[in-house]
Amino acid sequence: MSKKKKLHYLGSPYNHQDPKIKRKRLAVVNWVSLEMLSKGELVFSPLSHNLTVDFKRKFNSWEAWQTLDLEFLSRCDVLLVLKQKGWEDSIGLKDEIKFAKKHGIEIKEVEAPNEEKTKEILEDFHLLTVP
């Protein structure tokens with residue numbers, strides 16, 4: 001019988017006053033998710049999921065997504081904290097870390113790509129239309 005793969009929840013900051021920073025954060029979390037999936041790892045990115053589902057931006061706050069996101073996190077084995085600039089100030093990410101600690105979910109930090117790689121990611125990301 002094969003060993004069960006760990007399910008990863010990829011937490012990342014998103015909200016910011018500057019729409020360019022929000023777009024950058026989304027592009028990077030999508031890229032990290034794709035890299036992990038390409039390596040055969042199981043990953044769920046609430047940011048990637050929620051922003052695609054809520055294309056009309058009816059639910060534009062952590063409070064609006066908190067119940068769903070924490071339910072997904074409760075079913076994961078690992079919380080990956082994507083250390084994009086501003087991650088320490090993210091209300092949602094702080095809550096996810098607190099939840100993971102309370103429920104004994106493993107927490108790992110993931111370094112964000114450097115600025116050069118981020119520029120490359122953003123160049124590719126323009127192909128995706130995001131409202």
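Colleague: What radius of gyration does the chain have, and what value would a compact globule with 131 residues be expected to show?

Modeller: The radius of gyration, taken over C-alpha atoms, is set against a globule rule of 2.2 Å times the number of residues to the power 0.38. For 131 residues a compact globule would come out near 14 Å, and the chain has 14 Å, so the two agree. Along the principal axes, the C-alpha atoms fill a box of roughly 40 × 30 × 25 Å. This is a predicted model, in which local features need pLDDT of at least 70 and side-chain atom pairs count only at pLDDT 80 or more, while totals for chains, interfaces and linings use all residues. Residues are numbered from 1 along each chain as its sequence is written, and side-chain values use heavy atoms, with hydrogens and water left out.

Colleague: What makes a stretch of the chain a helix or a strand, and how many of each are there?

Modeller: Both are DSSP runs numbered from the N terminus, a helix being H or I over at least four residues and a strand being E over at least two. By that rule the chain has 5 helices and 4 strands, and from the N terminus on they run β-α-β-α-α-β-α-β-α.

Colleague: Why is V29 called buried or exposed?

Modeller: Buried means under 20% relative accessible area, exposed over 50%, and partly exposed in between, with a 1.4 Å probe and protein chains only. V29, which sits in helix α1, has 0% relative accessibility and therefore counts as buried. L26 is placed in helix α1 too, and its relative accessible area of 6% makes L26 buried. Over the chain, buried residues make up 37% of the 131 residues.

Colleague: And why does W87 fall into its class, and where is W87 found?

Modeller: W87 is found in the loop between β3 and α4 (91-102). Its relative accessibility is 17%, so W87 counts as buried.

Colleague: What makes a group of residues the largest nonpolar core, and which of its members touch the most others?

Modeller: A nonpolar core is a set of buried Ala, Val, Leu, Ile, Met, Phe, Trp, Tyr and Cys residues joined through side-chain atoms within 4.5 Å. The largest such set has 16 residues, of which L10, L26, V29, V32, L47 and L82 touch the most other members. At least two residues of this core come from each of α1 (19-38), α2 (46-53), β3 (78-83) and α5 (115-125), and α1 gives the most, with 6 residues. Apart from it lies another core, of 14 residues, including F44, L79, W87 and I105.

Colleague: Which residues does V29 contact, and which does W87 touch, once neighbours within four places in sequence are left aside?

Modeller: Contact means heavy atoms within 4.5 Å. On that basis V29 is in contact with L10, S12, S45, L47, S48, L82 and Q84. With the same kind of neighbours excluded, W87 touches P13, V81, L82, L93, I97 and E109, and L47 touches S12, P13, Y14, R25, L26 and V29.

Colleague: How many positive and negative side chains are there, and what counts as each?

Modeller: Lys and Arg count as positive and Asp and Glu as negative, with His and the chain ends not counted, and each charge is placed at NZ of Lys, CZ of Arg, CG of Asp or CD of Glu. The chain has 23 positive and 20 negative side chains, and the centres of the two sets lie 3 Å apart.
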